[in-house]
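Today I went through the cysteines. I wanted to know which ones are bonded and how well they are covered.

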Amino acid sequence: MQGRTPFHSPLALMSSLHPLLPQCLYQFLAFVPPSNESLRKPGTASVMVDTQRPLTLLLNSSVGDRDLCKIQYHFGEFGNYSLVVKTLSTSTQTVSCDLTINEGPINSYLRIALWFSCLFRLSLVIMVFVNYGGGKYWFFKHESWNGLTVADLVFPWFVFIMGTSIALALGSMLRWGSSKWKVLRKILWRSFVLILLGIIVVNPNYCLGPLSWDNLRIPGVLQRLGFTYLVVAALELLFTRPDSGTWEGQFPALQDILPYWPQWIFILVLEAIWLCLTFLLPVPDCPRGYLGPGGIGDFGKYPNCTGGAAGYIDRLLLGEKHMYQHPSSGVTYQSTMPYDPEGILGTINSIVMAFLGLQAGKITLFYKDQPKQIMSRFIIWGIGIISAILTKCSKEEGFIPINKNLWSISYVTTMSCFAFILLLLIYYLVDVKKWWSGAPFLYPGMNSILVYIGHQVFANYFPFKWKMQDSQSHAEHLTQNLTATTLWVIISYILYRRRIFWKI
């Protein structure tokens, strides 16, 4: 932004937050020298201003310390503006201040982030409700093995939206002048903190007694999020440029895919590794390519083969005591082998899921301000042809059944299809029609890590949980779980109002 003035005395340009937000003192931005009449050259000064929030600009005369004009404006990212100051009356020192746009903002991240965050924050609220019990209704419980319930939708959407946030954040950080090494250090730090929080704070093996190395569960939700973020963010960082924009190639319709062909090769190689290990790795006393729950499943033929290659790899590399001890398959199929739904092999497909979310972010960046292009691509990605082939259009069967415990590739492709369609709906409601602002799901997402860890740590404390009159009553469970979930929405709203945000 530049200030130009023919004023004959020096001026001071200051800024403050918009008065609709919490009041702040004005901060000095620039000293504008007086104009040079002999050279017919106006005084100028160049400054950078914050684009995150609306600002109030105050022009102050250094002579007499008079406020000359005040302008409220919300500047766009990477826009170029001029504040033109003209003298209307020399005797009364009356001036006019006009703000002109020399170059419009080149990014529209605010709207994009809004409807991406709607899906993320909606997923967070549903996750809290599901983890608290979901009223003890079966469709709010994780499927025992093959199949799909509402509870199985939430975690992959977390991973998907994490991928989209990578697409939005990395390019922006590089455009602001951060070096790739600095961004990489931030990626490493975030991944390390997520993994550490998952192992030390949110560890289900606390229920077995004091935590020690002997019974420490190594995999987990936050651990998987941290490692997935590390791989996908580092992969994107290798190919993201500060000036990345429209790709000038022979196939402009594929400008969000073709420039990133090395990334696609990497992901396809990862998926080939998952397929080979899953279907070709010899597992002692188990058939190759076994995808069943073990126990009494498959007529009790393979009681100790829970998870096939996925379970075998975890037990071999991590050890049985460092895995989840009470898998959902244990109740239904009476399996006795430890099995971890956030194990090593499934993390490969978690990376694939985040990469598909990354693709959604690229679509919105490459085709910004083109709603028809964005919606048509979301529809194409949401068709689900691969899922239909892998599952033979069934919920529990097929070549590779939908399985959240295994994080099968059919589970990933199906969940990503749902995510693209849901994004299409949110984009239409929020950005095209402007019928919804994202509230009240906006607030928990502003402190997502705090809400996730908090609802786990304080799950058994009042007022989030209390002794019920009838533990078999769906109504009582539903009341308790809705109350606990609502309390976290309220807590997140209070933190938002007080501008308290816990980020890593």
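I first fixed my cut-off: a residue counts as buried when its relative accessible area is under 20%, and as exposed when that area is over 50%. I also noted that the model is predicted.

Entry on pairing. I looked up the disulfides and found two. With the bonded cysteines of the protein chain numbered in sequence order, I read the pairing as 1-2, 3-4.

Entry on Cys69 and Cys97. I found these two joined by a disulfide, with S to S at 1.9 Å. The pair links distant parts of the chain, 28 residues apart: Cys69 lies in strand β6 (residues 66-73) and Cys97 in strand β8 (residues 94-103). I read the torsion about the S-S bond as about -80 degrees, so I logged this disulfide as left-handed. Cys69 has 16% relative accessibility and therefore counts as buried. For Cys97 I also have 16%, again buried.

Entry on Cys286 and Cys305. Their sulfur atoms are 1.9 Å apart and form a disulfide. Both cysteines sit in the loop between α5 (261-280) and α6 (309-317), 19 residues apart. The S-S torsion is about -95 degrees, so I logged this disulfide as left-handed. Are these cysteines buried or exposed? Cys286 is buried at 13% relative accessibility. Cys305 comes out at 2%, which is under the 20% cut-off, so I marked Cys305 as buried.

Entry on two further cysteines. I looked up Cys276 and found a relative accessible area of 42%, so I marked Cys276 as partly exposed. Cys393 has 68% and is exposed.

Conventions: Residues are numbered from 1 along each chain as its sequence is written. This is a predicted model: local features need pLDDT of at least 70, side-chain atom pairs count only at pLDDT 80 or more; totals for chains, interfaces and linings use all residues. Side-chain values use heavy atoms; hydrogens and water are left out. A disulfide is a pair of cysteine sulfur atoms within 2.5 Å. Helices (H or I, at least four residues) and strands (E, at least two) are DSSP runs, numbered from the N terminus. Buried means under 20% relative accessible area, exposed over 50%, partly exposed in between (1.4 Å probe, protein chains only).
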